[in-house]
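Here are my notes on the two-chain model you sent. They are set out as numbered points, to be read with the structure open.

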Amino acid sequence: MNSLADFVVVSAMLLGIGIYGLVTKRNALRLLFAVEILINAANLNFVAFEQYAPFAPASTVVSNAVGQTFVLFSIALAAAEAAVILAIIVVAYRLHQDVDVSELNTMEG
Amino acid sequence: MMVVTVGGAIVALEAKEIVYGAIGLAGSLFGVAALFFLLNAPYVAAFQIAVYIGAVAVLILFTVMLVRQERWAKEVAPTSGTRIAGIVTGLAVTTVIILAVASSGLSDFTVLANSATFFNIGQLISTGYAPVLEILALVLASSVVAALTLSKVEREEKKE
């Protein structure tokens, strides 16, 4: 576990698992899990690549802080997204008594 | 670390009980935090543990356990066609990326000698990326308001 390729491979595995979950699952909570896994794959890539091959603008002295900063923002965004999705799931459950996304078709035209 | 991360992700999606799935997701997030530690990013790792495991995973667990009834657990098993399509798609994406990585020179990169400190991150956040931070604060506030509004509207409807 010490070359960039190892981290990218883990990230690719997480990406594959997340895509598999998005394609097969119908339960809204499982879809939320899959989205979280996908976001984590992206975050891992950010940190890994900036640690090994940093983005280096001329103005900053230590340049590999940029990727970590981006990941901090990304984690905060993911937390907000998870909170809203959970609220939507709870409301949908109370209205429909179901969290199967193929049953939630009230907004279809 | 790799086993915990990938295994936790698989458990999150494939566990029979959705509560175990949530615990598997927490394990996967913890594995990613450990990988951040390995990448000399302790601040990001601490943030990951605090926000993801401390807030998101616990939030999911509470939602699942508080509102748990039989129909939460009820899951339509995917048809074999869908399942095969999902497995093929996921495996294809993973394989292509792994092949691309293997044939590229990614393994030759070495770790930077001077790693970013808290000071550098704080400096970046409070100077160049300050607008992003402010917009992020707005997004967080509005998402909290949205979550509260969603549950409140529901309660008013029930009263009528």
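1. Is B:Lys152 buried or exposed? The model is a predicted one, and in it B:Lys152 is exposed, because 10 other C-beta atoms lie within 10 Å and a residue counts as exposed at 12 or fewer. The residue sits in helix α7 of chain B. Its C-alpha atom is separated by 53 Å from that of B:Ser107, although the two are 45 residues apart along the chain.

2. Overall make-up of chain A. This chain has three helices and zero strands, so the pattern read along the sequence is α-α-α. Of its 109 residues, 51% are buried. Among contacts in chain A with a separation of 6 or more, 49% join residues 24 or more positions apart.

3. Overall make-up of chain B. Here there are seven helices and, again, zero strands; from the N terminus on, the order is α-α-α-α-α-α-α. Buried residues come to 24% of the 160 in the chain. For contacts in chain B with a separation of 6 or more, the share made by residues 24 or more positions apart is 47%.

4. The largest nonpolar core. This core has 64 residues, and the members that touch the most others are A:Val47, A:Ala48 and B:Phe36. Chain A contributes at least two residues from each of α1 (4-24), α2 (28-52) and α3 (65-96), and chain B does so from each of α1 (2-14), α2 (18-38), α3 (42-66) and α6 (118-126). The largest share, 14 residues, comes from α2(A). Domain 1 (1-74) and domain 3 (117-160) of chain B both give residues to the core, so the core lies between them. As background, nonpolar side chains in soluble globular proteins tend to be buried together.

5. Helix α2 of chain A. What is the extent of burial in α2(A)? Of its 25 residues, 21 are buried, so the helix is largely enclosed by the rest of the structure. From first C-alpha to last, α2(A) reaches 37 Å, close to the 36 Å expected at 1.5 Å a residue. A:Ala48, one of the core members with the most contacts to other members, touches A:Leu4, A:Phe7, A:Val8 and B:Leu39, leaving aside residues up to four places away in sequence.

6. The contact between the chains. Chain B puts 75 residues into the contact and chain A puts in 64. On the chain B side, α1, α2, α3, α4 (70-73), α5 (80-103), α6 and α7 each supply at least two residues. The most come from α5(B), with 13 residues. By class, the chain B side has 54 nonpolar, 17 polar and four charged residues.

7. Helix α5 of chain B. Which residues of α5(B) are buried? They are B:Gly86, B:Gly90 and B:Thr94. What covers these buried residues includes α1 of chain A. The helix has 24 residues and spans 34 Å from its first C-alpha to its last, close to the 34 Å expected at 1.5 Å a residue.

8. Helix α2 of chain B and the residue after it. α2(B) has 21 residues and reaches 30 Å between its first and last C-alpha atoms, close to the 30 Å expected at 1.5 Å a residue. Just after this helix comes B:Asn40, with a positive phi of about 60°, although B:Asn40 is not a glycine. B:Asn40 is in the loop between α2 and α3 of chain B. It is partly exposed, with 16 other C-beta atoms within 10 Å.

9. B:Val139. This residue belongs to helix α7 (residues 130-159) of chain B. Which residues does B:Val139 touch, not counting those up to four places away in sequence? The contacts of B:Val139 are A:Leu77 and A:Ala80. B:Val139 is partly exposed, having 15 other C-beta atoms within 10 Å. B:Val139 and B:Ala45 are 94 residues apart in sequence, and their C-alpha atoms are 23 Å apart in space.

Note on methods
Residues numbered from 1 in each chain as written. Chains lettered and ligands numbered in written order. Predicted model: local features only at pLDDT ≥ 70, side-chain atom pairs only at ≥ 80, totals over all residues. Core = buried A, V, L, I, M, F, W, Y, C linked by C-beta atoms within 7 Å. Buried ≥ 20, exposed ≤ 12 C-beta atoms within 10 Å, placed from the backbone. Helix = DSSP H or I, 4+ residues; strand = E, 2+ residues; numbered from the N terminus. Domains from an automatic or database assignment. Contact = placed C-beta atoms within 7 Å. Expected span 1.5 Å × (residues − 1). Nonpolar A, V, L, I, M, F, W, Y, C, P; charged D, E, K, R; others polar.
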